[in-house]
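Colleague: Could you take me through one part of this protein slowly, as if I were in my first year? I'd like a close look at the nonpolar core and what surrounds it.

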Amino acid sequence: MAGRAATAVKSRAKAKSTSKVSARTKSSKTASSAKTTSPSAETAKEAPKPKTRRRTKTETRTRIYWAVFNQSLKRVAVFEFDQKGEAEKRAAKLTSSSGDQHFIQKIKATVQV
């Protein structure tokens, strides 16, 4: 067991000394490579990328309607937004005829353009 630990210490010491040497050579290589540039590398960077088509976002529009609902929140009738009076009359008529409470509420619906 002592032999394994000793070899591990030696390998760490070697790794530290080689990393210092490699750092020195890397710095000298980067300095020399910065001075010399090849013309083929410059043209490769200037080449335009192919244009990709992007989908245009579809425009979603919403409209507001008046809806008549019963007590169990089931939609009974739908009216245009400017026909609020008619929706109230329909709710009152259904309330009196069936005995169940009916009410109106705004709803939004998406409209395809």
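Modeller: Here is a walk through the core, then the salt bridges, with a little background to begin. Keep in mind that this is a predicted model.

Let's get our bearings. The protein has 3 helices and 3 strands, and if you read along the sequence they come in the pattern α-α-β-β-α-β. Out of 113 residues, 12% count as buried. The accessible surface comes to about 10,500 Å², with 54% of that belonging to carbon and sulfur atoms.

Now for the part you asked about. The largest nonpolar core is made of 7 residues: Trp 66, Val 68, Ala 77, Phe 79, Ala 87, Ala 91 and Leu 94. Three elements each give two or more residues to this core, namely β1 (61–69), β2 (75–80) and α3 (84–98). The one that gives the most is α3, with 3 residues. As a rule of thumb, nonpolar side chains in soluble globular proteins tend to be buried together.

Let's zoom in on one member, Ala 87. If you skip its neighbours within four places in sequence, Ala 87 is in contact with Trp 66, Val 68, Phe 79 and Ile 104. Trp 66, Val 68 and Phe 79 are on the core list too. You can also ask how far along the chain contacts reach in the whole protein. Among contacts between residues at least 6 apart in sequence, 51% join residues at least 24 apart.

On to the charged side chains. The count is 2 salt bridges. One of them joins Glu 80 and Arg 63, whose closest N and O atoms are 3.1 Å apart. This pair links distant parts of the chain, since Glu 80 is in strand β2 and Arg 63 is in strand β1, 17 residues apart. Both of those strands also give residues to the core we just looked at. Are these two charged residues buried or exposed? They are in between: Glu 80 is partly exposed, with a relative accessible area of 31%, and Arg 63 is partly exposed as well, at 42%.

In the other salt bridge, the side chains of Arg 61 and Glu 59 meet, with 2.9 Å from N to O. Arg 61 has a relative accessible area of 47%, so it counts as partly exposed. Glu 59 has 52%, and because the cut-off for exposed is over 50%, Glu 59 counts as exposed.

Conventions: Residues are numbered from 1 along each chain as its sequence is written. This is a predicted model: local features need pLDDT of at least 70, side-chain atom pairs count only at pLDDT 80 or more; totals for chains, interfaces and linings use all residues. Side-chain values use heavy atoms; hydrogens and water are left out. A nonpolar core is a set of buried Ala, Val, Leu, Ile, Met, Phe, Trp, Tyr and Cys residues joined through side-chain atoms within 4.5 Å. Buried means under 20% relative accessible area, exposed over 50%, partly exposed in between (1.4 Å probe, protein chains only). Helices (H or I, at least four residues) and strands (E, at least two) are DSSP runs, numbered from the N terminus. Contact means heavy atoms within 4.5 Å. A salt bridge is a side-chain nitrogen of Lys or Arg within 4 Å of a carboxyl oxygen of Asp or Glu. Accessible areas come from the Shrake-Rupley method with a 1.4 Å probe; for residues, only the protein chains shown count as cover.
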